[in-house]
Amino acid sequence: MYDSNPTLEGIKTIDEIKQGSVFFKDQMSGAGQPGLRKFYIESYGCQMNFSDSEIVASILGDIGYVATRNVEESDLILINTCSIREKAEETVRKRLRAFETVKKERPGAMVGILGCMAERLKKKLLEEEKLVDLVVGPDAYRDLPNLIGGAEDGDRMVNVLLSREETYADISPVRLESNGVTAFISIMRGCDNMCSFCVVPFTRGRERSRDAFSIAAEAADLFEKGYREVTLLGQNVDSYKWENPETGHVVNFAQLLDMTANIHPDLRVRFSTSHPKDMTDEVLHVMARHENICKYIHLPVQSGNSRILELMNRTYDRAWYEDRIRAIRRILPDAAVSSDIITGFCTETEEEHQDTLSMIEWANYSMSYMFFYSERPGTLAARKYADDIPEEIKKRRLNEVIRLQTAISLRHNQQDIGKTFKVLIEGDSRKSAADFCGRNTQNKMVVFPKKEGLKPGEYAMVKIRDTTSATLLGDII
Ligand code: 5AD
Ligand code: SF4
């Protein structure tokens with residue numbers, strides 16, 4: 001049943017949260033000290049990886065490393081890798097070759113790979129190709145000081161152990177490449193879902209949820225530092241579930257959202273990714289109650305055909321997915337929904353591909369991330385099904401999906417012309433320093449001419465006059 005007032009035992013204000021269990025140290029510990037060593041980090045793949053790099057930066061800060069954007073002056077070169085599709089892995093290999101050249105110019109510099117490729121390719125990268133000095137899996141970042149020490153002594157160091165507990169709850173991320181306005185907060189790690197195409201359960205391990213108070217404290221801390229938007233991150237946020245070890249009280253995702261939204265009305269809250277099988281009406285009602293929880297849901301469908309969904313082991317069918325979309329429309333009539341789509345999954349027929357197209361049309365997604373199927377070693381699909389759709393057909397279907405989604409995104413945006421939105425200013429637009437850019441509640445990027453007195457981190461009311469399929473254009477009113 002929907003609880004109309006889920007609270008976390010009354011904890012509401014920033015001060016109360018800050019008196020909780022989590023202590024935040026200075027963001028740039030070690031900065032400004034002489035003789036510091038420098039690390040350079042590149043991140044690939046999902047937001048979770050970028051968020052992990054900020055945890056790594058914090059751990060490295062504690063042992064005297066500071067971040068640099070210049071790989072040529074770094075003592076430690078790190079690459080936070082993604083395994084989700086073959087192409088991502090190829091990109092990482094190319095970068096490792098480039099770093100080899102840098103290393104030749106800088107004797108003593110070390111190269112490490114972090115993240116999802118670590119487990120799968122550790123032997124190959126360390127021993128056969130000798131491309132790296134360090135291999136560190138996503139649950140082993142606390143071991144970095146020790147591993148770096150070993151690598152400094154000339155050993156090749158590996159820790160790819162996955163954990164059932166690690167959430168890095170007590171580590172205050174060092175914000176890298178930050179605009180000072182929006183930030184990501186990791187609320188859980190791993191995934192227990194076993195979608196048959198997906199390598200994530202193997203690379204990131206079992207699902208576990210982070211201490212709710214540490215999440216709220218991180219959000220409150222960001223707000224105090226001037227940030228105005230947090231995105232709660234997890235592979236499947238709807239299955240967030242944290243039990244307070246002291247009281248036995250269980251916090252679900254709806255309650256966590258409520259708690260984060262209560263930090264301050266000017267702090268926007270977003271989240272990603274939702275799973276259709278787990279997204280509850282309770283979450284939608286919490287969203288409806290708080291103006292500052294953005295009305296945007298990333299709800300990947302993957303395929304519009306029930307037989308393919310079954311093969312994908314998504315554990316819902318098309319009718320179930322449509323029911324979830326109807327619930328969103330009913331409870332949050334103005335919400336935008338986006339999706340992930342895979343074309344050319346094993347045995348997909350032309351008719352089944354048409355079902356994906358009709359799903360995109362029916363769901364009226366504001367945008368989608370679209371991919372052709374890429375078989376990943378070790379996954380359920382790789383073991384059970386032949387990757388039998390030729391690449392040119394996968395790509396042709398993908399192009400059809402992209403063409404349709406682009407048209408629907410444009411139509412979606414055109415319906416916003418004449419409307420006025422509250423936009424959180426993130427900074428200068430990419431094209432012109434005379435314009436600001438920021439997002440509306442539906443996660444649409446809005447570009448508009450600057451107005452004196454307004455700055456990033458503030459809200460502006462912007463009336464939309466024109467649009468492309470990707471960006472709304474407007475004027476402050
Ligand atoms: N091939 C293609 N796309 C994939 N995704 C995950 N695994 C694969 C794969 N093997 C896509 C899914 C997922 C998104 C993060 O990446 O659409 O939702
Ligand atoms: Fe992969 Fe499915 Fe988990 Fe997403 S929910 S990370 S697609 S297994």
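In this predicted model, an oxygen atom of ligand 1 sits 2.9 Å from an N or O atom in the side chain of Arg85. That is one of several polar links to this ligand. The side chain of Gln302 brings an N or O atom to 2.6 Å from a ligand 1 oxygen, while Phe197 uses its backbone, with an N or O atom 3.0 Å from a nitrogen atom of the ligand. On its own, ligand 1 would expose 410 Å², and the protein buries 87% of that area. Strand E15 (336–343) and strand E16 (367–372) are the elements that give two or more residues to the surrounding shell. The full list of residues around ligand 1 runs Ile84, Arg85, Phe197, Gln302, Asp340, Ile342, Phe371, Phe372, Tyr373, Ser374 and Arg376. Sorted by class, that shell holds 6 nonpolar, 2 polar and 3 charged residues.

Ligand 2 has its own set of neighbours: Cys191, Asn193, Met194, Cys195, Phe197, Cys198, Val200, Pro201, Gln235, His275 and Arg314. Here the count by class is 7 nonpolar, 3 polar and 1 charged. Phe197 turns up in the list for ligand 1 as well as in the one for ligand 2.

Stepping back to the whole chain, there are 14 helices and 21 strands. The radius of gyration is 23 Å, close to the 23 Å that the globule rule gives for 477 residues, so the chain is as compact as a globular protein of that length. The C-alpha trace spans about 60 × 55 × 55 Å along its principal axes. Of the 477 residues, 56% are buried. Looking at contacts with a separation of 6 or more, 74% are between residues 24 or more positions apart. The accessible surface adds up to about 20,400 Å², with 51% of it belonging to carbon and sulfur atoms.

A few spots in the backbone are worth a closer look. Most residues other than glycine have a negative phi, and most peptide bonds are trans. Gln302, whose side chain reaches an oxygen atom of ligand 1, has a positive phi near 70°. This residue lies in the loop between strand E14 (296–298) and helix H10 (306–311). Gln302 counts as buried because its relative accessible area is 7%, under the 20% cut-off. Asn313 also has a positive phi, about 60°, without being a glycine. Its place is the loop between H10 and helix H11 (318–331). With a relative accessibility of 29%, Asn313 is partly exposed. The peptide bond between Ser272 and Thr273 is cis, with omega about 10°. Thr273 belongs to the loop between strand E13 (268–272) and helix H9 (281–289).

Ser303 shares the loop between E14 and H10. Its relative accessibility is 0%, so Ser303 counts as buried. A polar atom of the Ser303 side chain lies 3.0 Å from the backbone nitrogen of Asn305. Not counting residues up to four places away in sequence, Ser303 touches Ile308, Leu309, Met312 and Thr356.

Lys444 is a charged residue tucked into a loop, this one between strand E18 (435–439) and strand E19 (445–449). Lys444 is buried because its relative accessibility is 7%. Its side chain makes a polar contact of 2.7 Å with the side chain of His412. Setting aside neighbours within four places in sequence, the contacts of Lys444 are Ser366, His412, Asn413, Asp416, Gly438, Arg439 and Leu472.

Then there is helix H8 (residues 253–261). In H8, 9 of the 9 residues are buried, so the helix is largely enclosed by the rest of the structure. Among these buried residues are Phe253, Gln255, Leu256, Asp258 and Met259. They belong to a buried set that packs against helix H7 (212–224), strand E10 (229–233), strand E12 (250–252), E13 and H9. At the start of H8, a side-chain oxygen of Asn252 comes to within 3.1 Å of the backbone nitrogen of Ala254.

How values were computed: Residues are numbered from 1 along each chain as its sequence is written. Chains are lettered from A and ligands numbered from 1 in the order in which they are written. This is a predicted model: local features need pLDDT of at least 70, side-chain atom pairs count only at pLDDT 80 or more; totals for chains, interfaces and linings use all residues. Side-chain values use heavy atoms; hydrogens and water are left out. Helices (H or I, at least four residues) and strands (E, at least two) are DSSP runs, numbered from the N terminus. Buried means under 20% relative accessible area, exposed over 50%, partly exposed in between (1.4 Å probe, protein chains only). A residue is near a molecule or strand if one of its heavy atoms lies within 4 Å of it. A polar contact is a pair of N or O atoms within 3.5 Å; within protein, one must be able to donate a hydrogen and the other to accept it, and residues adjacent in sequence count only if both atoms are side-chain atoms. Accessible areas come from the Shrake-Rupley method with a 1.4 Å probe; for residues, only the protein chains shown count as cover. The radius of gyration is taken over C-alpha atoms; the globule rule is 2.2 Å times the number of residues to the power 0.38. Contact means heavy atoms within 4.5 Å.
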